[in-house]
Amino acid sequence: MAEIDPTEYEIAELGPKIKDVDDADELRAMLELEEGGEDRVPVKTLIEDRIEKVEDEGDGELDPETVDLAALTVADVANMVRDIDDAEVLRDLLEREQAGEDRKTAKSQIESRIESVEGTEESEVAEAEYVPPEEKYPELDHPTNDKQWVEGTVGAEYRDMWVYCETQAGDLVDVSKEMLGKARDLMDTYNAEYDADERVVAVLIGADASDHVDDVIAYGADLVLYHEDDRLERFRHQPYTEIFCDMARAGGDLAAEGREEVDWKDYHEPRYTVFPATNNGRDLSALVQGELDSGLASDCSGLYIENAMISNPAKVGTAGDKKEFERVLHMKRPDFSGFEYSTILCIDKPNRDFHPQGASVIPGSFEIPDPDFEREAEVVDYEMELDADWFQVEVEEFDRLSGGVDLTGNDVVVAVGRGIGDDPTTGIELALDLVDAFDEADLGLSRGVITSSYSFDGHVEQYVTEERQIGESGQEVEPDVYIAAGISGAIQHKVGCDESDTIIAVNTDPDADIRDFSDYLIEGDLFEVLPRLTEAVEAGDLGAVVGEVSDD
């Protein structure tokens, strides 16, 4: 017997109640109650969607020998084949793909994995010739000249996952807590799998850095490095970069004078670094990784560590050969103009190390863990002289927003996109009317609105800010109901909303991408549909109206 009788609720009330039901049998019992009672199409769809989600989660890994490839996206195929080491299974997949959907990109993913597992079919194995850059490009006064000491770093020791913990206006930002929690999980698993004892290292830089030491320990740090200086009240490119890199090199082969030996670190540089993909975090991550002469995967939404089989001659040194690289940080991010997810790897090559393996993380990608203020950690007050030349640019005045916009705690988010283009001010007004009709709701925007050249009247202009942007480079929200009006549904936007319980899309194009991840699609002009939705909410009849006009 189901604990929740759906016939006793409106759909807007039901969504929040069933999101925590993880028993498919109980959900089916609810579906039977609805079918035997009100028999409302939107409610049945809501329950059926939840059943599908629960069962998908319970299914776990796909069986490559029986999976229906036609039901998978190319990204799904790429993720599946990544874990297959049997060439025969991969060939069978390739044949089935060729006989079915025959997608070029899917076949490429499978063929690439076959090559990784088996090596190429080249009969002659040739060792890749290494030519130092100064010899390869003698005509260039090239930028690597001043970094040849990095080229000389081969096979050095790297350890630990370093997390840059950003603060703003005296507060530790949430994404810093998210990253610490994720780093804790990753390194706990890493230490168990590789029988290692590597740490989560939190880096704090700022005028009040020491104030946050207890917090970063509570969220997962084993070692805290902090540098505090009143001149660092605001983020500054050079001093922040210099401090981070000085810490990273301390105790290693390239340590600054006087810091060749420290008692808290005895390796060359960090194994991994993660930064927040905030405005400041994006700047700092690029500068630090560039200074350390390594790579960066920016704006990631997923991280995991595992071995990787690589056959690229530039990485393994010999054409036709393959090599398994251990302890590789896999960094997932939307790519190819947002149409696919890519997994970025930062791999050493025979004559050069590429460490630390670095990523910046989109805020909201991971859960904030529960803090444990009983945890203990080593704390280092990192002292170094800051060059006055690093502060040549003086900030004479600045404005600080009185308060940010946090869309994550709302029951409902109403978001608008370029569909408001015919009359942007009216579009925002209609969206705000719908927001006001709910008890706990707020306004979101697509990136298309933020980057447009629309002209807004003064009374709505205050709402058109980057703070309200939903998506890869904005906020990620998981409300009970997400209403996307005039939004096409690019994957960058999907990243920010597809964990919502119910997504209602309003679009004039019935084939818009957003249809693929919406629960309901209302085909129509938002200037006509939004007022009707507002009336329905005020009348307490949103579910019926949506079910009536939606074609899903």
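**Stop 1: helices 11 and 12**

Start by selecting helix 11 and helix 12 in this predicted model: helix 11 passes helix 12 in a right-handed crossing. Helix 11 covers residues 237–249 and helix 12 covers residues 279–291. Their axes lie 9 Å apart, and the packing angle is about 50°. An angle like that makes helix 11 oblique to helix 12.

Now show side chains where the two helices touch. From helix 11, pick H237, Y240, T241, F244, C245 and R249. From helix 12, pick D283, L284, L287, V288 and E291. Colour them by character and you will find 6 nonpolar, 2 polar and 3 charged residues in this contact.

**Stop 2: just past helix 12**

Move along to D293, in the loop between helix 12 and strand 7 (296–300). What is the sign of phi at D293? Phi of D293 is positive, near 60°, and the residue is something other than glycine. Turn on the surface here, too: D293 has a relative accessible area of 15%, so it is buried.

**Stop 3: strand 4 and its neighbours**

Next, select strand 4, residues 200–206. How many of its residues are buried? The count is 7 of 7. Look at one face and you meet V200, A202, L204 and G206; flip to the other for V201, V203 and I205. Both faces are covered.

Add the strands that are bridged to strand 4. Strand 1 (residues 158–164) runs parallel to strand 4 and is joined to it by 4 bridges. To find your place in that pairing, click M161, whose bridge partner in strand 4 is V200. Strand 5 (residues 223–228) is also parallel to strand 4, this time with 6 bridges. Here the residue to click is G206, which has E228 as its bridge partner in strand 5.

**Stop 4: a loop residue on show**

Go to A169, in the loop between strand 2 (167–168) and strand 3 (171–172). Its phi is positive, about 50°, although A169 is not a glycine. Is A169 buried or exposed? With 57% relative accessibility, A169 counts as exposed.

**Stop 5: helices 5 and 6**

Select residues 87–99 for helix 5 and 104–118 for helix 6. The two axes come within 10 Å and cross at roughly 165°. Helix 5 and helix 6 are therefore roughly antiparallel to each other, and their crossing is left-handed.

For the contact, show these side chains:

- In helix 5: A87, L90, R91, L93, L94, E97 and Q98.
- In helix 6: A106, K107, I110, E111, R113, I114, V117 and E118.

The residues of this contact divide into 8 nonpolar, 1 polar and 6 charged.

**Stop 6: a cis peptide bond**

Zoom in on H355 and P356 and look along the backbone. Which form does the peptide bond from H355 to P356 take? That bond is cis, with omega near 0°. You will find P356 in the loop between strand 10 (340–344) and strand 11 (357–361).

**Stop 7: the five-stranded sheet**

Switch to cartoon view and find the open sheet of 5 strands, whose order is 14-13-15-16-17 with parallel pairing. Its edges are strand 14 (441–445) and strand 17 (520–523), each of which pairs on one side only. Follow the sheet across and the twist averages 20° from one strand to the next.

Inside this sheet, select strand 13 (residues 412–416) and strand 15 (residues 481–485), which are joined by 5 bridges and run parallel. A handy marker is V413, which stands opposite Y482 in strand 15.

Then bring in helix 14, residues 424–437. This helix lies across strand 13, strand 14 and strand 15, and it runs at about 150° to strand 14.

**Last stop: R515**

Finish by selecting R515, in the loop between strand 16 (502–507) and strand 17. With 28% relative accessibility, R515 counts as partly exposed. Add A505 and draw a distance between the two C-alpha atoms: they are separated by 7.2 Å, with the residues 10 apart along the chain.

Terms used
Residues are numbered from 1 along each chain as its sequence is written. This is a predicted model: local features need pLDDT of at least 70, side-chain atom pairs count only at pLDDT 80 or more; totals for chains, interfaces and linings use all residues. Side-chain values use heavy atoms; hydrogens and water are left out. Axes are lines fitted to C-alpha atoms, for helices over the stretch in contact, and angles run from 0 to 180 degrees between N-to-C directions. Angles under 35 degrees count as roughly parallel, over 145 as roughly antiparallel, 65 to 115 as roughly perpendicular and the rest as oblique. A crossing is left-handed if the near helix is turned anticlockwise from the far one by less than a right angle, and right-handed if clockwise. Contact means heavy atoms within 4.5 Å. Ala, Val, Leu, Ile, Met, Phe, Trp, Tyr, Cys and Pro count as nonpolar, Asp, Glu, Lys and Arg as charged, and the others, Gly among them, as polar. Two strands pair if DSSP finds at least two bridges between them. Buried means under 20% relative accessible area, exposed over 50%, partly exposed in between (1.4 Å probe, protein chains only).
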